[in-house]
Each structure stands twice: as structure tokens, then as C-alpha cells.
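Okay, thanks everyone, I'll keep this short. Let me put the chain up on the screen, and then we'll walk through it together.

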Amino acid sequence: MNCSTMNPKLFWRDQAVAMTLSRRKTMALHVRENSIEVRAPYRTPIKLAQTFVDDHDQWIERKLSDIRKRKAEKPDLMAASHIPFMGLNVALNIEQGAINRWQLAPEGLNCTLTDKQEQLLPLLGDFYKKQAQFWLNKKTLAVAEGLGFQNRISGIRLRKTKTKWGHCSASGQLQYNWLIMMAPEAVIDYLVAHEVAHLEHLNHSASFWQLVAQIQPGFDRNRRWLSDHGHRLTLT
Ligand SMILES: [Zn+2]
């Protein structure tokens, strides 16, 4: 059982810091946009927690500025003239109309919307989802077939998840976050390589990474891109 308190005596600069006590063995800091929290073992003296916060003064500052920077970098799709799609910058052409629909054409993504304010984001979501359905299925099967793994796949699902780009279960269920379609194609291919490699290794062992490298030589660049820029692939 955790016990969380907004402790009035614990501060980072002039900001109150929450303290959560539990059976853990060591202290840890959790920084979010609007809160700072110390997680500590039961009976940790406030003084010790305050020292811990003070010792991490610069670290907290860096973390907060990182969170703010990431938030500011999120694209404003309501005002965008272009949207990212598989490494392309696709022109967004919007017209008022009687129904909501999109069509991908050489000149860009043509959208008809009954109400831009209300319908743009759901329509773009539909666009990315349909594209993900096509491309992720195709790419996954191609990679799996190349390795002779196609029979190990029991299904491919798409989900918009908060923290994970992909997942592979022991039964061969692959799951992808369809927002990955906003990433460059090589990054999408890396994600596919990663999940297909899990059909052989359900862990992140050295042999797992060897298989990923076999599927996509030089994958590390794409893996890094995803961890550096993944937060920008969002539809809000
Ligand atoms: Zn993995």
C-alpha cells in the first residue's frame, strides 16, 4: 500500500514536492509537467528527502525544461498546411463539404470536412489508421516470410497506445501503434523488424538485437530517432 502526501515541508526551489512512501528500498524522483514527487521507503526523514531533492536540483531543472520543450515541439495539426506521413511532408488540402472523407492524391491529402474544428483530427486519425493497416500488415508479412516466421503470427493489431510503439505476445500477436505512420519509413521498418524479431526471441537479449540487425542493418539510427522524436508523433 502506498501512502502519498503533498508534504508541505518538502520543496524544490519554491515548488511543493509530493512524497510517496512505500516498501521500496531507495529514493527516486518522478518529475512531470505539473508535479514533482519523491518516492521513498517508509520512515524516510523529511530532511533526508529534502537533501535528496537538493542534490538533484540541476537534474530536476533539466527534466522540467525537457518536458516543456517536448510539449512545445508537438505539431499543431489544426493549423498545419502539411502532415508527416512515412517520411513525406504531405500537403493538407481542406474543403468544407457535406460529408467527412479523405483521399490521398498526388497533390496531397484532400479532405472534405463538415466542420474542421470537430472533424479534422478524427479524419486524420482514420487516414493514419487505414494506412497503418495496409503498410504494417504488408511489411510485417514480408519480413516474417523472409525469415520463415509467417506461421508464428497469430494476428496483427493496431492500437493507439500511450507509451509503446509495438508489442509482441508469446502467442504471436503483434501490436502496433498506428501513429508510427507519421515517422520516416526506415523508422517504421525498424519497428516492424523489432516486433518480428520478438517472434523468435521474447526478450531484448543480444541474440534478439542480432536478429534485428540482420533484418535491418544499421537499425540503431532508427531506434534512436524513435526515442528522440517519438513524442512528436501525436494527433492532439
Ligand atoms: Zn521489444
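So, to start: which residues does UniProt list for "domain: YgjP-like metallopeptidase"? The record gives residues 25-229, and bear in mind that this comes from an unreviewed entry. Also, what you're looking at is a predicted model. Over residues 25-229 the chain is 45% helix and 24% strand, and the C-alpha atoms at the two ends of that stretch sit 33 Å apart.

Zooming out to the whole chain, we've got 6 helices and 11 strands. The radius of gyration comes out at 22 Å, whereas the globule rule gives 18 Å for 236 residues, so this chain is more spread out than a compact globule. If you like boxes, the C-alpha atoms fill one of roughly 65 × 50 × 30 Å along the principal axes. Buried residues account for 22% of the 236. And if you take contacts between residues at least 6 apart in sequence, 41% of them join residues at least 24 apart.

Now let's go to the strands near the start of the numbering. β2, residues 15-22, runs parallel to β4, residues 35-41, with 5 bridges joining them. Look for S22 here: it stands opposite P41 in β4. β4 also pairs with β3, residues 28-32, again through 5 bridges, but this pair is antiparallel. β3 and β4 make a hairpin with 2 residues between them, and R32 stands opposite S35 in β4.

Next, the open sheet. How many strands does it have, and in what order? There are 4, ordered β5-β6-β8-β7, and the pairing is mixed. β5 (82-85) and β7 (101-105) are the edge strands; each has a single partner, so one side of each is left without a neighbour in the sheet. On average, neighbouring strands are turned by 30° against each other, ignoring direction.

β7's partner is β8, residues 108-113: the two run antiparallel and are joined by 5 bridges. If you want one pair to find on screen, take L104, whose bridge partner in β8 is L109.

And what packs on this sheet? That's helix α3, residues 116-147, which touches β5, β6 (88-96), β7 and β8. The direction of α3 makes about 135° with that of β8.

That's my tour, so let's rotate the model and talk.

Notes
Residues are numbered from 1 along each chain as its sequence is written. This is a predicted model: local features need pLDDT of at least 70, side-chain atom pairs count only at pLDDT 80 or more; totals for chains, interfaces and linings use all residues. The radius of gyration is taken over C-alpha atoms; the globule rule is 2.2 Å times the number of residues to the power 0.38. A residue is buried if 20 or more other C-beta atoms lie within 10 Å of its own, exposed if 12 or fewer, and partly exposed in between; C-beta atoms are placed from the backbone. Two residues are in contact if their C-beta atoms, placed from the backbone, lie within 7 Å. Two strands pair if DSSP finds at least two bridges between them. Axes are lines fitted to C-alpha atoms, for helices over the stretch in contact, and angles run from 0 to 180 degrees between N-to-C directions. UniProt positions are given in the numbering used here, feature names are shortened, and annotations may be inferred rather than shown by experiment.
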